[in-house]
Amino acid sequence: MSVYLYLFHGRDSIDQDMDGWGCEGPTIGPLSYVHTTYGGEVKLRGARDVMERFFPNTEIHFHDGFGEHAIQLAADCLPHDGKFYGDWSVCTAAALRPRGFQRVKPVCDACGSDNVTRDAVAVWDQDTQAWTLLSTYDCTTCQECERESDDLIDWKSLDGTVASDPAHIAPTADLPIVAPHAACPGDMPCRA
Ligand SMILES: [Zn+2]
């Protein structure tokens with residue numbers, strides 16, 4: 001099972017006064033783990049394509065397709081891509097689905113079968129002691145009519161109606177969020 005690191009409650013500088021929830025950050029993942037040490041750094045481990053996408057200008061050493069990156073917290077915020085986030089959640093993909101999320105499936109655009117497969121690469125993960133999916137290719141095979149192409153998929157909802165390609169739908173977090181400033185005692189100046 002993979003996890004995602006969802007960043008929110010963002011601001012442009014550590015000492016910026018906040019009167020709202022600021023900006024929402026990226027949802028980083030899928031990741032093998034998120035590890036926090038002494039409230040000082042948050043270490044992430046993920047596949048190369050994920051780590052390079054979210055940390056493009058960072059020197060990360062990859063071993064067997066996976067790399068680790070430790071983010072040093074700045075005061076009590078998590079910095080990422082020029083912003084500082086006061087809140088972050090570690091959650092599963094299921095927790096990222098918005099309410100009413102429509103589950104979909106790929107089907108063959110000729111025969112309509114959902115028995116379609118994709119070529120992929122798996123690597124042995126020494127930490128979890130299991131083969132882990134590293135990447136999938138566009139090359140898709142319909143096991144029913146035995147066609148093979150980079151472009152033979154239609155997306156349908158589970159009850160068979162036409163649906164959107166899930167890759168084109170940005171994940172939206174559906175996490176419990178407390179009201180802004182709920183944690184601030186009295187009229188203490190609140191920068192959080
Ligand atoms: Zn087919």
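This is a short tour of a predicted model, to be followed in a viewer.

Begin with the whole chain coloured by secondary structure, where two helices and twelve strands can be found in the protein. Following the chain along its sequence, you will meet these elements in the pattern β-β-β-α-β-β-β-β-α-β-β-β-β-β. Of the 192 residues in the protein, 16% are buried, and among the contacts with a separation of 6 or more, 58% are between residues 24 or more positions apart.

Next, select Tyr-4, Leu-5, Leu-7, Leu-31, Tyr-85 and Trp-88, which touch the most other members of the largest nonpolar core, a set of 18 residues. Now add β1 (3-11), β2 (27-37), β3 (41-47), α1 (48-54) and β7 (83-91) to the selection, since each of these elements supplies at least two residues of this core; the largest share, five residues, comes from β1.

Centre the view on Leu-7 and, leaving aside residues up to four places away in sequence, look for the residues that Leu-7 touches: Gly-25, Pro-26, Leu-78, His-80, Tyr-85 and Trp-88. Apart from the largest core lies another core, of five residues, which you can locate by selecting Val-107, Cys-108, Val-116 and Leu-152 among them.

Finally, turn to the open sheet whose three strands lie in the order β9-β10-β11, with antiparallel pairing. Here β9 (116-125) and β11 (148-149) stand at the edges, and because each has a single partner strand, one side of each is left without a neighbour in the sheet. Select β10 (residues 130-142) together with β9, and you will have the antiparallel pair that nine bridges join; within this pair, Trp-124 stands opposite Trp-131 in β10.

How values were computed
Residues are numbered from 1 along each chain as its sequence is written. This is a predicted model: local features need pLDDT of at least 70, side-chain atom pairs count only at pLDDT 80 or more; totals for chains, interfaces and linings use all residues. Two strands pair if DSSP finds at least two bridges between them. Helices (H or I, at least four residues) and strands (E, at least two) are DSSP runs, numbered from the N terminus. A residue is buried if 20 or more other C-beta atoms lie within 10 Å of its own, exposed if 12 or fewer, and partly exposed in between; C-beta atoms are placed from the backbone. Two residues are in contact if their C-beta atoms, placed from the backbone, lie within 7 Å. A nonpolar core is a set of buried Ala, Val, Leu, Ile, Met, Phe, Trp, Tyr and Cys residues joined through C-beta atoms within 7 Å.
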